[in-house]
Amino acid sequence: MALIVQKYGGTSVGSTERIKNVARRIAKWKAQGHDLVVVLSAMSGETNRLIALAKEIQETPDPRELDVIVSTGEQVTIGLLAMALKEIGLEAKSYCGWQVKLVTDSAHGKARISSIDEGVMRADLDAGRVVIVAGFQGVDENGAITTLGRGGSDTSAVALAAALKADECQIYTDVDGVYTTDPRVEPEARRLKTITFEEMIELASLGSKVLQIRSVEFAGKYKVRLRVLSSFEEEGEGTLITFEEDESMEQAVVAGIAFDRNEARINVKGVPDRPGIAYQILGPIADANIEVDMIIQNVGDHGATDFSFTVPRGEYNKALSILRDMQTHVGAARVEGDDKVAKISIVGVGMRSHCGIASTMFRTLAEEGINIQLISTSEIKVSVLIDEKYLELAVRVLHKAFGLDQKISA
C-alpha cells in the first residue's frame with residue numbers, strides 16, 4: 001500500500017470518454033489498496049481557447065485577469081473526474097489550487113510555489129477518498145489566483161508529492177516513457193527503464209518535451225520518485241527518473257540524444273580583441289530580453305576576434321537588427337547570421353568517467369560530411385550546432401554510434 005500522486009495531461013482528459021478511462025485506471029490502483037491524489041490538466045486545446053477569448057477583449061490581456069480565465073480549464077476536468085469516480089462507486093473530492101492552499105508568488109503566468117497546506121488532502125485520504133487537484137494553478141498571499149506557466153501541472157503534481165511525502169509521482173502522458181531520442185526521427189529509439197534527474201534535466205532543457213523542466217528540478221531537489229507512463233496503455237512500467245547512485249541504473253555512457261530546431265546563429269566578425277567586448281555585444285541583446293545559448297569567441301589575431309552565439313529562431317531578426325545598429329560603435333567588420341541551423345546534444349552521466357565521447361560524436365558526424373559550426377559542453381553533455389537539413393541524419397547516425405538502439409540490461 002502506497003501514497004501515489006498521479007498527473008494526467010490534456011490529451012488524457014480530452015473528452016468525457018477519456019475522463020471515464022482515467023477513472024477506471026484510478027479504480028484499479030485504489031483496488032490494490034493505494035491512496036491516490038490525482039492532478040489534472042485542462043482538456044487538450046482548452047487553455048489555448050481561453051487565451052484566444054481573452055485576446056478578443058484585450059490585445060495584451062491583463063496578467064491577473066488572464067490567470068483567472070485560464071485557470072478555469074482545470075476546474076472543469078477535476079469536477080468531471082470526481083463525478084466519473086462517484087459514478088463507479090468511489091468516494092472522491094475535487095479541489096482548485098487555491099482550495100488546497102498551493103501558495104505561490106505573485107508572478108502571474110509563471111508563478112513559483114512557496115508552500116502547500118496538505119491538511120485538507122490528508123483528511124480526505126484518511127477518510128478513504130480519492131483527492132483530485134487542479135494542476136497549473138495556485139494562489140498568492142493576497143488571495144489572487146495564479147498560474148505556473150505552460151506544463152505547470154507537472155510541477156503541481158511533483159510539489160504535491162513532495163508536500164505529502166508520496167511514495168511515487170506518476171506523470172501520465174501520451175507517450176509511454178522517456179526514449180533515447182524522438183521515435184518519430186529514429187524508429188529504433190528505445191524506451192529507457194531508468195534515467196537520472198541530471199540527465200532528464202539536460203534532455204528537457206535541450207529540446208525533449210516529455211516533462212516540464214521545472215518539475216524535474218523540483219523532483220530532484222525534494223527527492224521525489226518520478227515516473228513517466230502512458231495514459232493510453234493499460235500495462236507498462238514507463239520510465240523511472242531516479243538518482244545516479246541507484247544500483248539498478250542502466251550503465252549507459254550516453255543516455256539519450258536531444259535536438260532543437262529553434263536555433264539561429266549570429267556571427268560578429270572582426271571585433272577589437274579587448275576586455276569588455278563580449279559585454280558590449282551581448283549586453284544590448286540581454287536588454288532586449290533575448291536569450292543567448294551557445295557562445296564562442298575565437299582567439300584574437302592581429303588585434304581582432306570573431307564572436308558567435310545562438311538565439312531562438314523567432315528572435316533572430318530582432319537580434320540581427322540590434323547588432324547591425326551598433327556595428328560601428330562596437331567596431332565590428334560585419335555582422336552576419338544563419339537561421340537554418342539546429343542543435344543536437346548527447347547526454348549521459350557516464351560521460352564523467354569515459355573519455356573519447358566527444359571525439360566519437362565528432363568523427364561520426366564527419367564521416368557523414370556534416371560540418372560542426374559551434375560546440376558547447378558540460379560535464380554530462382556535448383552539444384553541436386549543424387545545418388538544419390542534416391539534423392535527422394545526425395540523430396540517426398549518432399543514435400547508432402553510441403549503441404542506443406541496443407537493449408541494455410539493468
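Against which elements do the buried residues of α1 pack? The close-up views below address this and related points. The model is predicted, with local features requiring pLDDT of at least 70 and side-chain atom pairs pLDDT 80 or more, whereas totals for chains, interfaces and linings use all residues. Residues are numbered from 1 along each chain as its sequence is written, and side-chain values use heavy atoms, without hydrogens or water.

**View A. Helix α1 and its buried side.** Helix α1 comprises residues 16–31 (helices are DSSP runs of H or I, at least four residues; strands are runs of E, at least two). Its 16 residues should span 22 Å at 1.5 Å a residue, in agreement with end C-alpha atoms 22 Å apart; the expected span is 1.5 Å times one less than the number of residues. Buried in α1 (under 20% relative accessible area, 1.4 Å probe, protein chains only) are Ile-19, Val-22, Ala-23, Arg-25, Ile-26 and Lys-30. They lie on the same side of α1, because they cover an arc of only 165 degrees around the axis, taken from the directions from the helix axis to the C-beta atoms. These buried residues pack (heavy atoms within 4.5 Å) against β1 (3–8), β2 (35–40), α4 (72–87), β6 (130–134), β9 (168–173) and β11 (226–230). Gly-33, with a positive phi near 95 degrees, follows α1.

**View B. The β17–β18 hairpin.** Two residues separate β17 and β18 in this hairpin. Strands β17 (residues 374–378) and β18 (residues 381–387) pair in the antiparallel sense over five bridges; pairing requires at least two DSSP bridges. Ile-375 has Val-384 of β18 as its bridge partner.

Methods:
Buried means under 20% relative accessible area, exposed over 50%, partly exposed in between (1.4 Å probe, protein chains only).
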